[in-house]
Amino acid sequence: MSDKPIILVAACALADGDGRVLLAQRPEGKSMAGLWEFPGGKVESGETPEVSLIRELKEELGIDASASCLAPLTFASHSYEKFHLLMPLYICRKWEGIAQPLEGQTLKWVAPNRMESYPMPPADEPLVATLRDLL
Ligand SMILES: Nc1nc2c([nH]c(=O)n2[C@H]2C[C@H](O)[C@@H](COP(=O)(O)OP(=O)(O)OP(=O)(O)O)O2)c(=O)[nH]1
């Protein structure tokens, strides 16, 4: 049993033609500031994870993705102090536009075997191996 709320966050590994993935560094002032994460965010009421992710990719990066280009990859299930995070991670290899840091974040295209140089939230650490196997 857990009395923590389950927070649903949809996230995406955007993968370029060289097998690199886009990481975003959480800005100062946010929880877990300075850590590198996959773009995405909380699924809001009335949204599917895919609709939420398409909205977040537009808001955070200015790119257009379609649901048909979001493939389920893996997920994180991790207990933080105040909530339990359930985070489906999609992979997307095709989108329109060029990713830009529209919300004060720093962006970096990183090969999965170099991700240990980019500290990530604890929930994300087990996900990196799946990316390394795939890309
Ligand atoms: N987008 C994203 N969020 C992640 C990842 N790993 C991880 O633990 N998270 C957590 C951080 C946040 O607590 C939550 C995402 O919330 P959010 O993106 O909608 O909101 P936020 O950054 O303003 O977060 P917060 O201030 O409410 O903590 O999921 C990840 O790889 N990508």
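This briefing walks through annotated sites, a helix, a nonpolar core and a ligand shell. The structure is a predicted model. A good place to begin is Gly40, which the unreviewed UniProt entry lists under "binding site" together with Glu60. These two residues span 21 residues in sequence, yet their C-alpha atoms are no more than 8.1 Å apart, so they gather at one spot.

**Gly40 and Glu60**

- Gly40 sits in strand E4, which runs over residues 40-42.
- Gly40 is buried because 22 other C-beta atoms lie within 10 Å, and 20 or more are needed to count as buried.
- Beyond its neighbours within four places in sequence, Gly40 is in contact with Val9, Ala10, Ala11, Cys12, Leu53 and Glu56.
- Glu60 belongs to helix H1, residues 49-61.
- With 20 other C-beta atoms within 10 Å, Glu60 is buried as well.
- Setting aside neighbours within four places in sequence, the contacts of Glu60 are Pro39, Leu102 and Glu103.

**A second annotation, with Glu37 and Phe38**

- Another "binding site" annotation from the unreviewed UniProt entry covers Arg26, Glu37, Phe38, Pro39 and Gly40.
- Glu37 is part of strand E3, residues 36-37, and counts as buried with 20 C-beta neighbours inside 10 Å.
- Not counting residues up to four places away in sequence, Glu37 touches Leu23, Ala24, Arg26, Met120, Pro121 and Asp124.
- Phe38 lies in the loop between E3 and E4, and it counts as buried with 25 C-beta neighbours inside 10 Å.
- Leaving aside neighbours within four places in sequence, Phe38 is in contact with Ala11, Cys12, Ala13, Leu23, Leu89 and Asp124.

**Helix H1**

- H1 has 13 residues and reaches 17 Å from its first C-alpha to its last, close to the 18 Å expected at 1.5 Å a residue.
- The buried residues of H1 are Pro49, Ser52, Leu53, Ile54, Glu56, Leu57, Glu60 and Leu61.
- An α-helix has 3.6 residues a turn, so residues three or four places apart point the same way.
- The buried residues of this helix pack against E1, E4 and E6.
- Just after H1 comes Gly62, which takes a positive phi of about 75 degrees.

**The nonpolar core**

- The largest nonpolar core has 29 residues, and Cys12 and Ala13 touch the most other members.
- Strand E1 (6-14), strand E2 (21-25), H1 and strand E6 (84-92) each supply at least two residues of this core.
- Ala13 touches Val21, Phe38, Leu73, Leu89, Ile91 and Leu131, not counting residues up to four places away in sequence.
- In soluble globular proteins, nonpolar side chains tend to be buried together.

**Around the ligand**

- The shell around the ligand holds 14 residues, of which Ser31, Glu37, Gly41, Lys42 and Pro121 come nearest.
- E1 and E4 each supply at least two residues of this shell, and E4 provides the largest share, 3 residues.
- By class, the shell has 7 nonpolar, 3 polar and 4 charged residues.
- Glu37 links two topics here: it is among the residues that come nearest to the ligand, and it also falls under a "binding site" annotation in the unreviewed UniProt entry.
- Pro121, another of the nearest residues, is one of the residues that Glu37 touches.

Definitions and conventions. Residues numbered from 1 in each chain as written. Predicted model: local features only at pLDDT ≥ 70, side-chain atom pairs only at ≥ 80, totals over all residues. UniProt positions renumbered as here; feature names shortened; annotations may be inferred. Helix = DSSP H or I, 4+ residues; strand = E, 2+ residues; numbered from the N terminus. Buried ≥ 20, exposed ≤ 12 C-beta atoms within 10 Å, placed from the backbone. Contact = placed C-beta atoms within 7 Å. Core = buried A, V, L, I, M, F, W, Y, C linked by C-beta atoms within 7 Å. Near = placed C-beta within 6 Å. Nonpolar A, V, L, I, M, F, W, Y, C, P; charged D, E, K, R; others polar. Expected span 1.5 Å × (residues − 1).
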